[in-house]
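I opened this notebook page to record what I looked up in the structure. The entries follow the order in which I consulted it.

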Number of protein chains: 2
Amino acid sequence: MIKLIIIDDHPLVADGIATMLKDESYLQIVASAKTGRQGLAILSEYPDCEVILLDINLPDTDGLQLCEQIRQLYPNLKIIGLTSVNEAGIISQMIRRGANGYLLKDMEKEELLHAINRVLDGHVYLSKGANEKILQQLRELDINPHQVPMLTRREKEILSLLDQGLSSQEIASRLSLSIHTIDTHRKNMLQKLNVHNTPALLKAAGKLGLLG
Amino acid sequence: MIKLIIIDDHPLVADGIATMLKDESYLQIVASAKTGRQGLAILSEYPDCEVILLDINLPDTDGLQLCEQIRQLYPNLKIIGLTSVNEAGIISQMIRRGANGYLLKDMEKEELLHAINRVLDGHVYLSKGANEKILQQLRELDINPHQVPMLTRREKEILSLLDQGLSSQEIASRLSLSIHTIDTHRKNMLQKLNVHNTPALLKAAGKLGLLG
DNA sequence: GCCGTTATACCGGATTTCAGGTATTTAACA
DNA sequence: TGTTAAATACCTGAAATCCGGTATAACGGC
């Protein structure tokens, strides 16, 4: 008997998944939570749980952070992320943060069962079509799929401030740095993401999941 | 007996709503569709349908456009939008395009029933908390809630090109206009939305639903 | 026919960004 | 301990944006 936990704030989704799985006698949903906090509490109650279905768009916590947190606390737990959007950025971020799989909420019963079995066997399961979607988005940005550009900590920090509408000068003041430094970082990011102005930089970064 | 139609690509959601309504004898779900195309077909089959629950994040069509289209075809039909995100832009756009109501997918049964009754009575029903969320977002942008700035057709066109990462010069070439004209439009938009650079303009416009 | 709005175009000047560099210090790491 | 990556800072010059104007033709509504 394999124990499952669902963390999703939408009762519709939680109920729907329960319905999908009720005929599978080898699977058992032991508990479900509506918030990140609640989810962590439940996890500690069921240490023998093997699979968790984790909604990424949670109300209280950032689902991606929560994913990372759970991975650290329970290294052997299989985490399957649930989202309603199919975007390269979110998918790659989730895998990077320790998820074993990724499902869109419009999945069919068969796909859900298949995903659970795959991750239990140690594979990474990506939602039907997710692979193609990722590659297509990377192509649109003219980026080599084999080396998605990584931004450094400082670059991300500056990117986020740019995203808040600040100018180089304002960021420099905020971080007590020279404006030259900010400009250099911005320039490097433009080059990494292959764009030529700040709006395009922010948009591309968003798509790749380098923001937020 | 009031007839309902559901357009939502997530079987979970469609099933969940059906479950919520199954005890209400005065409501009847006559059909459901998974795509925009399919939805229009079904609507033409049931001209006496009174309420439609419409997912905004559809796979094939833009849900907002579809909403507008349905409103034109069936002026008396009550349209309730369904989304999983609670953002001022999307909400205001939906209402602008003819929706009678707006529900988050994490609603409870009571809220769903209440919303249906309200729109049948001719009211506009906004999801619990949607109002506060809208006002808060407008406050963040320092915009008077009583006069959300409208952009002209031309301004929107230029905004969309800016969003694609084009410079003023590139837009001018694309539209066969003087760069001065583009700059003037951009300047006017900056003023209308109360921001001081293009990234912030794009972000604010996105939040207000003036983009896309 | 008048009036407001939209779209168009231009000016000047200050500021910022963009695109090439170079260079030093710090941190990580094998 | 050497090597690499990251973070810092500066230079120059071209290009673009931002901000204050003004102005005119076109269009629509009342």
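**Entry 1. DNA strand D.** I note at the outset that the model is predicted. I began with the kind of DNA atom that faces the protein: of the atoms of DNA strand D within 4 Å of the protein, 65% are sugar or phosphate atoms, and the remainder belong to bases. I then listed the residues around this strand and found 17. The closest are Thr152(A), Arg154(A), Ser178(A), Thr181(A) and Lys187(B). By class, I recorded two nonpolar, eleven polar and four charged residues on the surface near DNA strand D.

**Entry 2. Polar contacts to DNA strand D.** I looked up individual distances next. An N or O atom in the side chain of Arg154(A) is 2.6 Å from a phosphate oxygen of DNA strand D. From chain B, Arg186(B) places a polar side-chain atom 2.9 Å from a phosphate oxygen of the strand. Lys187(B) instead addresses a base: an N or O atom of its side chain is 2.8 Å from a base oxygen of DNA strand D. I then asked which elements give two or more residues to this surface. They are helix 7 (153-163) and helix 9 (179-193) of chain A, together with helix 9 (179-193) of chain B. Helix 9 of chain A gives the most, with four residues.

**Entry 3. DNA strand C.** I repeated the search for the other strand. I found 17 residues around DNA strand C, the closest being Lys187(A), Thr152(B), Arg154(B), Ser178(B) and Thr181(B). Of the atoms of DNA strand C that come within 4 Å of the protein, sugar and phosphate account for 65%. The surface near DNA strand C holds two nonpolar, eleven polar and four charged residues.

For phosphate oxygens of DNA strand C, I noted three side chains. Thr152(B) has a polar side-chain atom 2.2 Å from one. For Ser168(A), the distance from a side-chain N or O atom is 3.0 Å. For His185(B), a polar side-chain atom lies at 3.2 Å. Helix 9 of chain A, with helix 7 (153-163) and helix 9 of chain B, each supply at least two residues of this surface. Helix 9 of chain B gives the most, with four residues.

**Entry 4. The sheet of chain A.** I turned from the DNA to the fold of chain A. Six strands form an open sheet with parallel pairing, in the order 2-1-3-4-5-6. Strand 2 (27-33) and strand 6 (125-126) stand at the edges with a single partner strand each, so one side of each has no neighbour in the sheet. Strand 1 (residues 2-7) pairs with strand 2 in the parallel sense over six bridges. Ile7(A) has Ala33(A), in strand 2, as its bridge partner.

I also checked which helices lie across these strands. Helix 1 (residues 11-21) of chain A lies across strand 1, strand 2, strand 3 (51-55) and strand 4 (78-83), and runs at about 170° to strand 2. Helix 3 (residues 63-73) of chain A lies across strand 3 and strand 4, at about 160° to strand 3.

**Entry 5. Chain A against chain B.** Lastly, I looked up the interface between the protein chains. In it, 25 residues of chain A contact 25 residues of chain B. The area buried between the two chains is about 1800 Å², and carbon and sulfur atoms give 62% of that area. Which three residues supply the most of the area that chain A buries against chain B? They are His10(A), Leu12(A) and Pro199(A), with 32%.

Methods
Residues numbered from 1 in each chain as written. Chains lettered and ligands numbered in written order. Predicted model: local features only at pLDDT ≥ 70, side-chain atom pairs only at ≥ 80, totals over all residues. Heavy atoms only, no water. Near = heavy atom within 4 Å. Polar contact = N/O pair within 3.5 Å; in protein donor to acceptor, adjacent residues only side chain to side chain. Nonpolar A, V, L, I, M, F, W, Y, C, P; charged D, E, K, R; others polar. Pairing = 2+ DSSP bridges. Contact = heavy atoms within 4.5 Å. Axes fitted to C-alpha atoms, helices over the stretch in contact; angles between N-to-C directions. Buried area = accessible area lost by both parts, 1.4 Å probe.
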